[in-house]
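I opened my notebook next to the viewer and jotted down what I looked up, one entry at a time. Here are the pages, tidied a little for a colleague at the bench.

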Amino acid sequence: MKLVPKSPNGSSRKAETLLSLGDPSFRKPVSRSRTIRIDFRDGAITPESLMDKFVIRGGNPLVGSVRISGAKNAALPAMAAAILTDEPVILENIPDVRDIQTERNLLVSMGADVELGYGRASHRTTISCNNLVNPEAAYELVKTMRASTLVLGPLLARMGRARVSQPGGCAIGARPIDLHIKGLERLGASIKQEHGYIEASADRLRGGHIIFDKITVTGTEDLMMAATLAEGETIMENCAREPEVVDLAALLIKMGARIEGAGTHTIRIHGVEKLHGARHRIIPDRIEAGTFVIAAVLTGGDLQLTNCDPDHLGSLIQKLEECGVSIKAGTDSMRITNGHQLEAADISTEEFPGFPTDMQAQYMTLATQSQGTSIITENIFENRFMHAGELARMGANIKVEGSRAIVRGKTPLSSAAVQCSDLRASASLVLAALVADGETIIDRVYHVDRGYERIEEKLKGVGAQIRRIGEILPRRAAAPSVVA
Ligand code: UD1
């Protein structure tokens with residue numbers, strides 16, 4: 001599948017996404033690939049007007065094997081890294097999720113050729129940025145996916161200018177990108193903010209010393225990418241140590257970048273004149289894996305997870321062992337069994353290697369089924385307990401006090417109509433439905449689709465009773481709100 005922008009000069013910018021199959025006016029598809037033409041009106045891409053729901057009947061233990069997909073949060077910066085070179089970058093183990101489609105659309109809107117693997121190669125994508133014409137991330141895209149701002153550093157480094165919409169607030173907190181901006185200024189960029197856009201320019205970035213005020217994952221990634229083509233050395237301190245940062249550094253090094261220290265708090269980058277193409281395999285998704293671990297534990301199942309990296313899940317595994325769960329970890333697989341009553345245990349979200357904020361909602365569902373009181377403290381985002389209210393509607397006993405949620409268990413959960421508010425909150429509702437009494441209907445599952453590849457097929461494959469139902473909405477329905 002190949003994404004081709006209709007008009008590089010933007011003369012026809014209508015909002016429509018068309019599959020080229022059978023239309024002779026489109027670029028001829030290469031063999032084993034399809035071509036998509038995307039037209040933009042103010043950068044807008046109308047999402048398919050389907051408002052899907054999940055219908056889940058709880059009570060089945062999950063038994064069998066689940067293959068974990070590539071990490072969305074590693075794939076997104078890796079795709080942005082392709083901007084740094086005019087040669088093709090081939091990425092493997094790309095998850096088939098909505099955020100990846102959004103990023104493809106973003107790259108195409110800039111003039112990139114994005115070839116999507118098809119059939120057995122569907123998790124591979126080749127990105128060629130040899131003809132970037134429009135260094136802009138429009139509001140219509142950024143508002144549906146904040147990680148679109150990851151193109152800021154690469155665009156500035158490669159093209160000397162970038163125009164990226166400010167993301168605004170989101171469902172889980174304010175989430176500013178001031179640290180990205182401050183860091184780029186330290187590398188010599190001039191940055192103006194007007195009309196809701198960040199306008200950045202620099203003849204050539206120059207190395208600098210950046211100490212992040214706060215640990216930021218995409219901030220570390222954005223600045224690391226920018227510094228690869230800067231003149232001289234950049235030292236970044238108080239960096240994020242997440243596996244996704246390490247994976248991005250591995251790709252950049254394959255592209256010719258000189259980077260040391262990724263995975264520690266201090267990263268050194270010696271800028272080079274030019275980067276070249278590379279082939280890279282994205283790491284497994286630790287949050288998807290963690291979600292299936294909790295699904296197995298909650299349902300008293302016996303699950304084998306393959307294509308995962310247990311080393312990335314240390315804090316979760318340790319916490320679950322404290323709750324009484326038995327987990328056997330191999331090098332790239334895990335087996336989870338649980339036939340015991342779970343014991344309550346407190347968690348406090350931290351940057352890696354601490355307990356991930358992206359697993360907090362799923363852990364809350366687990367805590368409703370643990371014996372005793374679990375105190376969950378959210379330290380990364382200020383408003384990340386939206387799922388608590390929905391879980392309470394299903395029978396959970398949860399009291400939220402500022403950044404703490406106090407969960408008293410074990411309480412039986414009963415089916416209800418519930419609504420997803422953000423990506424990981426939706427996962428917690430799916431988990432709750434798997435153990436609830438009766439049939440739960442979960443609305444707004446487009447949040448799940450942003451980051452979980454065909455979750456209902458994977459769950460069904462190991463014994464869950466889950467089905468997706470669609471509801472057709474008027475074509476120009478509001479785009480989904482944004483999170484995580
Ligand atoms: C990334 C992940 C997201 C995860 C989060 C925390 C991606 C695409 N998303 O998001 O799934 O939940 O890390 O692990 O990788 N902050 C500022 N100013 C900035 C940047 C961040 O104040 O310029 C604050 C944020 O508001 C937040 C904290 O820093 O309170 C951490 O955020 P950050 O690590 O940047 O999250 P993201 O990179 O957006």
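**Entry 1: R67 and its strand**

I began with R67, which stands opposite T306 in β18. A caution to myself before going on: this is a predicted model. R67 belongs to β5, residues 63-67. I then looked up how β5 is joined to β18, residues 302-306, and found five bridges, with the two strands running parallel.

Next I asked myself what order the strands take in this open sheet. Reading across, I wrote down β5-β18-β20-β19, four strands with mixed pairing. β5 and β19 (326-329) each have a single partner strand and stand at the edges, so one side of each has no neighbour in the sheet. Ignoring direction, I noted an average turn of 15° between neighbouring strands here.

A general reminder went into the margin: in a regular strand, side chains alternate between the two faces of the sheet.

I also checked what lies across these strands. Helix α8, residues 286-298, lies across β5, β18, β19 and β20 (333-337). Its direction makes an angle of about 170° with β18.

**Entry 2: α4, covered or not?**

How many of the eight residues of α4 are buried? I counted six, so I put this helix (residues 152-159) down as mostly covered, taking buried as under 20% relative accessible area. The buried ones are L152, G153, P154, L155, L156 and A157.

Then I looked up what does the covering. My list includes the helices α1 (72-81), α5 (178-186) and α6 (217-228). It also includes the strands β9 (136-137), β10 (161-165) and β12 (197-201). Just after α4, I came across G160, which has a positive phi of about 80°.

**Entry 3: β12 and its partners**

Two of my searches led to β12, one of the elements covering α4. β10 pairs with β12 over five bridges, in the antiparallel sense. β11, residues 190-194, is also joined to β12 by five bridges, and this pair runs antiparallel too.

Which residue of β12 is the bridge partner of A162? I found A200. A200 came up again when I followed β11, where I191 stands opposite A200.

β11 and β12 form a hairpin with two residues between the strands. There I noted H195, with a positive phi near 55°.

**Entry 4: α6 against α7**

α6 had already turned up around α4, so I followed where else α6 packs. Helix α7, residues 243-254, packs against α6 at about 15°, with the axes 10 Å apart. I take under 35 degrees as roughly parallel, and therefore α6 and α7 go down as roughly parallel to each other. The crossing is right-handed.

From α6, the contact uses V217, T220, E221, M224, M225 and T228. From α7, E244, V245, L248, A249 and L252 take part. Sorting the contact residues, I got seven nonpolar, two polar and two charged.

My margin note here, for helices in general: there are 3.6 residues a turn, so residues three or four places apart point the same way.

**Entry 5: α10 against α11**

I looked up a second helix pair. The axes of α10 (residues 360-368) and α11 (residues 386-393) come within 10 Å and cross at roughly 25°. These two helices are therefore roughly parallel as well, and their crossing is right-handed.

Which residues meet here? Q360, A361, M364 and T365 come from α10, and H387, A388 and L391 from α11. I sorted this contact into four nonpolar, three polar and no charged residues.

**Entry 6: V430**

Is V430 buried or exposed? V430 is buried, because its relative accessible area is 2%. V430 lies in helix α12, residues 423-435. Leaving out residues up to four places away in sequence, V430 touches F54, I56, I442 and L459. I also checked V430 against T440: they are 10 residues apart in sequence, and their C-alpha atoms are 8.8 Å apart.

**Entry 7: the whole chain**

Last, I stepped back to the totals. The chain holds 14 helices and 28 strands. It has 484 residues, of which 58% count as buried. Among contacts with a separation of 6 or more, 74% come from residues 24 or more positions apart.

How values were computed. Residues are numbered from 1 along each chain as its sequence is written. This is a predicted model: local features need pLDDT of at least 70, side-chain atom pairs count only at pLDDT 80 or more; totals for chains, interfaces and linings use all residues. Side-chain values use heavy atoms; hydrogens and water are left out. Two strands pair if DSSP finds at least two bridges between them. Axes are lines fitted to C-alpha atoms, for helices over the stretch in contact, and angles run from 0 to 180 degrees between N-to-C directions. Contact means heavy atoms within 4.5 Å. Angles under 35 degrees count as roughly parallel, over 145 as roughly antiparallel, 65 to 115 as roughly perpendicular and the rest as oblique. A crossing is left-handed if the near helix is turned anticlockwise from the far one by less than a right angle, and right-handed if clockwise. Ala, Val, Leu, Ile, Met, Phe, Trp, Tyr, Cys and Pro count as nonpolar, Asp, Glu, Lys and Arg as charged, and the others, Gly among them, as polar. Buried means under 20% relative accessible area, exposed over 50%, partly exposed in between (1.4 Å probe, protein chains only).
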